[in-house]
Amino acid sequence: MTRKQRRSAMIFTGLGVLAVAVGLVLWGLSGNIMFFYSPSDLVEKQVEPGQRFRLGGLVEEGSVVRGQSTKITFKVTDNAENVGVSFEGVLPDLFREGQGIVAEGALNTAGIFVADNVLAKHDENYMPPEVASSLKKKGVWKDTNTKAAKGTGS
Amino acid sequence: MIVETGHFALILAAIVAMVQFAVPLWGSYKSDPILMRVAAPAAQVQLLLLLISFLALMWAYITSDFSVKNVFANSHSAKPLFFKISGVWANHEGSMLLWVLILAFYGAMVAMFGRNLPPSLKTHVLSIQALVSLSFLLFLIFTSNPFERLVNPPLDGKGLNPLLQDFALSIHPPFLYLGYVGFSVAFSFAVAALIDGRVDAAWARWVRPWTLLAWVNLTIGIALGSWWAYYELGWGGWWFWDPVENASFMPWLAGTALLHSALVVEKRGALKLWTILLSILTFSLSLMGAFLVRSGVLSSVHAFAVDPERGIFILGILAFFTGGALAIFAWRAPDLKQGGIFAPISREGALVFNNMILVIACGTVLIGTLWPLVTEAVGYKISVGAPYFELTFAPLMIPLLLAMPFGPLLAWKRGDLRGAAQRLYAAVGIAILVVVLTYSVTSGSSFFAPLLIGLGIYIVVGAISEILWRAKAFRTNWGEVGRRLLNMPRASYGSMFGHIGIGIFVIGSVATSVWNTEKIVAMKPGDKQTIAGYEVRFDGVVEERGPNFTEKLGNFNVMKDGKQIATLRPAKRTYIMRSEMPMTETGIYNAWNGDLYLAIGDKLQQGAYTVRFYFNPFIRLIWLGCLIMALGGLVSLSDRRLRIGAPKRAKEQPAAVPAE
């Protein structure tokens, strides 16, 4: 092989790998991303039952109902609208009323959000940026978090 | 007084860093050897000052000096001593102090062991290293000063985030930072080489051990973090493709590529420009990791309290160093001579293939991690989760893993693919056997998983057969084989262990993701559950007190084949100082073939509790694999040819190095 052929062999392999990667990325980004909605977004937009998304907001005070089984229901609110959530499983340690959370799942036909995953954070002062900005947009953001949080990071 | 000494030492260190940056560079410009020689002692003084500063902060933590704001916010007098010490870096300010301490440590090590580096290279490396150090010292002093005092000292502190009061997570940051920051040395060497306009085998021989050291620590750091997430978070998972995790994974991928490409520069003088570029990119990814973690621009389950203003400062540092280095690269790169021609099928070719895949895979992780920022800028919010990464990352790894055993079997310059394949017959044979066996044992529950397990076995056996082939095993008498095995360079064993570690990791991660079982049930005392052949009886909950917490311990009796084998006590802890933040402690039984994993959840009506059961087959192979990889790095590091500061043989360096 001449030097030129060697070089082009390598360039073509590289381009091949790159093309595969680009294809995978496009495919991955088209099918595997999840939209993030606040309860108000759900009222504005028509979200089909069964379509998976992330729901973010605060757990409404006094809304958590624990039954005899492992099923738990609560409401997520952005202080403007709220939406009922049902979840089966173990809630994260930091889950409590008034806490900002993100839940993954889909709406059922009755308009209840069936979550298969509920995320809270490692730090009681932490607020997921999506939740913070959607609360800010609704004008109900209280700036207690950023200041109190200083010096608690890792 | 001690705290003020620490504060003063910190400021002094910034001044020394300024001197270490400017004076030697000026000296080199003026060709003044005396000014150039300032760099090495300055690097050592800087380390000493930061050590004083760090110990002063540690002192404040140990003596619970709550007049220091940082101690007040993150410590408590009732905390065990171990966590008082680890508390120093379990917060933003303290961890940034650790960061600059490690930066200075690497600088001082280069100064100390670099006696036979060409003087101009050494001067430039230390000068760049000092500039990196200086930027973070300014960051620390102006935005995150750990020595800030409180006017009215409170009686006791606020306590440390309970999640951080854990052994693995306490030692996780030092390892991680030794990794992240270690790549700064490769960066400084790369920029210095660009300034010098010279990249040769000696340069690569210098870069490789530092990169290797950083890589070993990063590997251990990531493994510790993953292990912690597994046993502490109670979700049963070990990797979540969370932005904070990706932030550490990307420099690891680029660093792994760098290790391999530096090998080509050292042995064959090829891929010089690429290696320089990779050094710059690897450290840039480390800086980007720091930015992502500190700024909180991305939603992360692992994020602790964050501050966007600090994020902007780090973004500035990132932009300055990456942009600056790339500009120097664009300016100087055309002057660097390329060397070493090789055929596509050769050791070099295999290493290029490795680099292509690792870097492109790193790119897909980068896109997935940053994509939410892009879409947010256009106005809608999304999150990119594990499915994306599994879909893009895993398929790219398959060809790399298939090619991995071939690399070391190919000769430099021009390799013999068929010959290499013949030497892998044993590996392929054993792998096929394992595939068939796995398929039948798991009764065909998955078609792909046994193939991937076989892939892992093929990598492990392939790495061993390469060493055996080089020792002429089965081709000569065993005494000779033994002698050859003993005389083999340690670097060969290093790469063998590195590759074996990957194989074992693949086996563990595939087995546990495909065949794990999970159950979430409500249990009352006396209830029984069966999972993966274990019968588990719930014996109720008791309350106990720890040094700074109370806990509700669930008692679970584990039986197998009618015999009692273990008592697991998963718990919910409540720390006195952070009562609003309960903590899960899992109960794990280690069997030879996997972990029985229990987490206890909320109390339900009538004395029942939510209990989460997992059986994770062979999950510990994941961390074992990482440890073996790290071990491989250490073995390689102990190789005489690579040993930091090992004298170079005279014939390799014909031009005498002037005495310092």
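Let me begin with two helices of chain B, α6, which covers residues 92-113, and α8, which covers residues 167-196: their axes come within 9 Å of each other and cross at roughly 50°. I should say at once that this is a predicted model, so please take everything that follows as computed from that prediction. At that angle, α6(B) and α8(B) are oblique to each other, and their crossing is right-handed. On the α6(B) side the contact is made by Ser95(B), Leu98(B), Trp99(B), Ile102(B), Leu103(B), Tyr106(B) and Val110(B), while α8(B) contributes Pro173(B), Pro174(B), Tyr177(B), Leu178(B), Val181(B), Gly182(B), Ser184(B) and Val185(B). Sorted by class, that contact holds twelve nonpolar residues and three polar ones, with no charged residues. As a general point, an α-helix has 3.6 residues a turn, so residues three or four places apart point the same way.

Now, α8(B) also meets helix α12 of chain B, residues 308-332, and here again the axes come within 9 Å, with a crossing of roughly 35°. Which hand does the crossing of α8(B) and α12(B) have? That crossing is left-handed. Phe187(B), Val191(B) and Leu194(B) of α8(B) make this contact with Ala325(B), Ile328(B), Phe329(B) and Arg332(B) of α12(B), and by class these residues divide into six nonpolar, no polar and one charged.

Let me turn to helix α11 of chain B, residues 272-295, where 24 residues at 1.5 Å a residue should span 34 Å, and the end C-alpha atoms are indeed 34 Å apart, so the two values agree. Because 21 of its 24 residues are buried, α11(B) is largely enclosed by the rest of the structure. What follows α11(B) is Gly296(B), which has a positive phi, near 70°.

That brings me to two residues that have a positive phi although neither is a glycine, namely Phe474(B), at about 65°, and Phe618(B), at about 55°. Phe474(B) lies in the loop of chain B between α17, residues 448-470, and α18, residues 478-487, whereas Phe618(B) lies in the loop between β11, residues 609-617, and α20, residues 620-637, also of chain B. Are these residues buried or exposed? Phe474(B) has 10 C-beta neighbours inside 10 Å, and therefore counts as exposed, since the cut-off for exposed is 12 or fewer. Phe618(B), in contrast, is buried, because 21 other C-beta atoms lie within 10 Å, and the cut-off for buried is 20 or more.

Notes: Residues are numbered from 1 along each chain as its sequence is written. Chains are lettered from A and ligands numbered from 1 in the order in which they are written. This is a predicted model: local features need pLDDT of at least 70, side-chain atom pairs count only at pLDDT 80 or more; totals for chains, interfaces and linings use all residues. Axes are lines fitted to C-alpha atoms, for helices over the stretch in contact, and angles run from 0 to 180 degrees between N-to-C directions. Helices (H or I, at least four residues) and strands (E, at least two) are DSSP runs, numbered from the N terminus. Angles under 35 degrees count as roughly parallel, over 145 as roughly antiparallel, 65 to 115 as roughly perpendicular and the rest as oblique. A crossing is left-handed if the near helix is turned anticlockwise from the far one by less than a right angle, and right-handed if clockwise. Two residues are in contact if their C-beta atoms, placed from the backbone, lie within 7 Å. Ala, Val, Leu, Ile, Met, Phe, Trp, Tyr, Cys and Pro count as nonpolar, Asp, Glu, Lys and Arg as charged, and the others, Gly among them, as polar. The expected span of a helix is 1.5 Å times one less than its number of residues.
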